[in-house]
Amino acid sequence: MEDKFIKDLALEQVVGHHHALGTSITLQVFGTTDDRIVQKTFDLIDHYEDLLTVNRDQSEVMDVNHAAGDHPVQVSSGTYDLIKLAVEKSRENFGFNALIGPVVKLWHIGFKGAHVPSDGQIKEKMRLTDPYNVELNDDNQSVFLTQKGMELDLGGIAKGWIADRIRDFWHAYGVNAGIINLGGNILLVGDSPKRPNGQWTIGVQDPKEPRGDNITSVMVPKCSAVTSGTYERYLVVNGKKYHHLIDPRTGYPVKTNLAGVTTFTKDSVEAEIECKRLFFAGHPIKGWHDNPDRIGAIFVYNDEHVEYDNFGNK
C-alpha cells in the first residue's frame, strides 16, 4: 500500500532568484527540497562574473583590455577557452564579433546618451574591431589585443558558456532535472518530470507585447533556447528607428525584416552563437539543422509572421 505521506519527489522543486551578469536569474532544481545546490550555483555564477565582466574595472577580461597595444595578459584556463572560442567565431564574419565594443559604445543604444554617430566616427572605431588583431598563445594562455583602444567583450557568448558550466556543476551533484534561466537564456537540464515523454514547453516572446507574452510555443527535449531580437533596446531619431544589434561588417544596426530569432541547440554556448548566425542571415539557412546538436529555430518577423525551422508543420 502506497504511503499517503510520501510525495512524488521528482515533482518537488527548489527555486532561487539572483541578480548577476547584468540580468535577473532564475534557477529551478527538480527532485529536491534542499536549496543548497541553488545557493552554490549562485556562488559559481558570481565567480564567473568576476572573471569575465567588462562592467567593472577589474576582471580577467578587463586586464586584457587595459593592456591593449602594450602587452599580452595571461588568464585562467576557462577564460582563455571562452576567449579563444569567441575570437574564432568572430573571424567567421557572420555577424558575431567579440571586438565590436568600441562601435557599440559609440551608438550607446538603450542607455543615456544614445545617438546616431557620423560615418567618420564609425569608420574610426571599426578599425579597432578586427578579430585578426588578437594574438592567442595556447602554451601560456595569454591574450594580446595588438592595437591600443581595442576591447574584448564576451557579453554575446558568456551567458551561454556559464549556463553550460552550471549544467556540468548540477550533474556533478546528481541533479536529474532543472531549468537554468539567465535572463532569457534558457538551458533545460535532463528530462521534464512533468511529462511522461520528458519534453519541455518553451514560449517565444511576442515582439509587440510586454516581456512574458508569447507569440508561440514549442515542445522540445533537453536543450538550450536563446533569442536575439530588435525589440527591447532601440533609439528613435527623426522618426527612424535604430535597434541595438550592430552589424560588425558595417558598424550600423543590421537591416532586417526579423523582429527576433530563437535557436534551440544541445549546448547553450552554441545557442548563443547560432542565434546570431541566423539573426544576421535574416532567414533560415539551408542545412543548418543537419548538425544533430541543432534542434531547430523559430523566426518571428516584423509583420508577426512566424517561421518554424525543423519543427515540422507547426
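## An exposed acidic site

E209 has a relative accessibility of 41% and therefore counts as partly exposed, a class lying between buried (under 20% relative accessible area) and exposed (over 50%), with a 1.4 Å probe and protein chains only. E209 lies in the loop between β8 (200-205) and β9 (214-220), where strands are DSSP runs of E with at least two residues and helices are runs of H or I with at least four. Together with D213, D303 and E304, E209 forms a negative surface patch; such patches join like charges within 9 Å among residues with over 30% relative accessible area and no salt bridge, that is, no side-chain nitrogen of Lys or Arg within 4 Å of a carboxyl oxygen of Asp or Glu.

## Basis of the model

The model is predicted, with local features requiring pLDDT of at least 70 and side-chain atom pairs pLDDT 80 or more, whereas totals for chains, interfaces and linings use all residues. Residues are numbered from 1 along each chain as its sequence is written, and side-chain values use heavy atoms, leaving out hydrogens and water.

## Strand β5 and its partners

Strand β5 (residues 142-145) is covered on both faces, with S142 and F144 buried on one side and V143 and L145 buried on the other. β5 pairs in the antiparallel sense with β3 (residues 73-74) over two bridges, the number that DSSP must at least find for two strands to pair, and V73 is the bridge partner of V143.

β5 also runs antiparallel to β4 (residues 134-137), to which four bridges join it, and here L136 stands opposite V143. β4 and β5 form a hairpin with four residues between them, and Q141 in the turn has a positive phi of about 55°.

Methods:
Patch = residues over 30% accessible without salt bridge, like charges linked within 9 Å, V, L, I, M, F, W, Y side chains within 5 Å. Areas by Shrake-Rupley, 256 points an atom, 1.4 Å probe, with all protein chains shown as cover. Lys, Arg positive; Asp, Glu negative; His and termini not counted. Charge placed at Lys NZ, Arg CZ, Asp CG, Glu CD.
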